[in-house]
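Reader: Hello! Could you take me through the charged side chains, one by one, with their partners and surroundings? I would like a close look at that part rather than a general tour.

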Amino acid sequence: MDRKITFDDYRGIIRALRDPEKGCPWDKAQTHESLKPCMIHEMTEAVAAVNLLADTGDADNLSEELGDVLLQVVLQSQIAEEEGLFSLDDVIQKAGEKMIRRHPHVFSSEAAPEKEEVPGRWEAIKQAEKQGKSAEYEKRKKEAERNASREVIRLLQAES
């Protein structure tokens, strides 16, 4: 293909795949739930591509697999937008805000920590962010994460 595809073009491609009249039947049928196995599969292939890059130097494979992970993010966001939950712009906004908030040594006048100190500072900021959440919410979130871990393991074992 000679034409350079931009991020906005890509968003339009995903919207077209989900178009109620002209879209792809498979893509139109997808839900957050139905895409969970796809998300896990693509994440696994991306991790494998990182390993392959280290082993063989194959950057093209990593680029392709990261594109598949991006598809999952954009497709899930498109579904959420159709449901009136949030948009891809909201995802980008929250991710950007989080990176700025958790890197005060980059985005404010705070002194830069040593490399080894960064994970601890990140975790401290993360814990401070949880201050506004109820204990019940945090308990439910932890349970959801445990269930998701079991689901990931089950789906990966089924693929083996």
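Author: Here is a walk through the charged side chains, beginning with how the values were obtained.

This is a predicted model, in which local features need pLDDT of at least 70 and side-chain atom pairs count only at pLDDT 80 or more, while totals for chains, interfaces and linings use all residues. Residues are numbered from 1 along each chain as its sequence is written, and side-chain values use heavy atoms, with hydrogens and water left out.

Let us begin with the pairs. Side chains of opposite charge can pair when their charged atoms come close. A salt bridge here is a side-chain nitrogen of Lys or Arg within 4 Å of a carboxyl oxygen of Asp or Glu, and a search of the whole structure finds 12 of them.

One of these salt bridges joins E129 to R102, with the closest N and O atoms 2.5 Å apart. E129 sits in helix α7 (residues 118-129) and R102 in the loop between α5 (88-101) and α6 (104-107), so the pair ties together parts that are 27 residues apart in sequence. Helices are DSSP runs (H or I, at least four residues), and strands are runs of E (at least two), numbered from the N terminus. R102 counts as buried because its relative accessibility is 8%, and E129 counts as partly exposed at 24%. The cut-offs are under 20% relative accessible area for buried, over 50% for exposed, and in between for partly exposed (1.4 Å probe, protein chains only).

R101, in helix α5, brings us back to E129: leaving out residues up to four places away in sequence, R101 touches I125 and E129, where contact means heavy atoms within 4.5 Å. R101 counts as partly exposed at 39% relative accessibility. Its C-alpha atom is separated by 17 Å from that of K115, 14 residues away along the chain. Helix α5 also holds D90, which is partly exposed at 35%. D90 and L155 are 65 residues apart in sequence and 29 Å apart in space, C-alpha to C-alpha.

Helix α8 (residues 135-159) is our next stop. K142 forms a salt bridge with E145, the closest N and O atoms being 3.7 Å apart. These two are 3 residues apart in helix α8, which means they are separated by about one helical turn. K142 has a relative accessible area of 40% and is therefore partly exposed; E145, at 37%, is partly exposed as well. R150 pairs with E143, with 3.6 Å between the closest N and O atoms. R150 is partly exposed with a relative accessible area of 44%, and E143 is partly exposed at 32%. E138 has its place in helix α8 too, but it counts as buried at 16% relative accessibility. Apart from neighbours within four places in sequence, E138 is in contact with K130 and K133.

A network of salt bridges links E33, K36 and E151, and two of its members appear where helices pack. K36, P37, I40, H41 and T44 in α3 meet E151, V152, L155, L156 and E159 in α8. By class, this contact has 5 nonpolar, 2 polar and 3 charged residues; Ala, Val, Leu, Ile, Met, Phe, Trp, Tyr, Cys and Pro count as nonpolar, Asp, Glu, Lys and Arg as charged, and the others, Gly among them, as polar. Two packed helices are described by the angle between their axes and the distance between the axes. The axes of α3 (residues 36-56) and α8 come within 10 Å and cross at roughly 75°. Axes are lines fitted to C-alpha atoms, for helices over the stretch in contact, with angles from 0 to 180 degrees between N-to-C directions. The two helices are therefore roughly perpendicular, a word for angles of 65 to 115 degrees; under 35 is roughly parallel, over 145 roughly antiparallel, and the rest oblique.

Two acidic residues round off the picture. D27, in helix α2 (residues 25-29), is buried yet has no salt bridge; R18, the nearest side chain of opposite charge, is 7.0 Å away. For that statement, Lys and Arg count as positive and Asp and Glu as negative, while His and the chain ends are not counted. Beyond its neighbours within four places in sequence, D27 is in contact with L17, R18 and L75. E64, by contrast, lies in helix α4 (residues 59-82) and counts as exposed at 52% relative accessibility.
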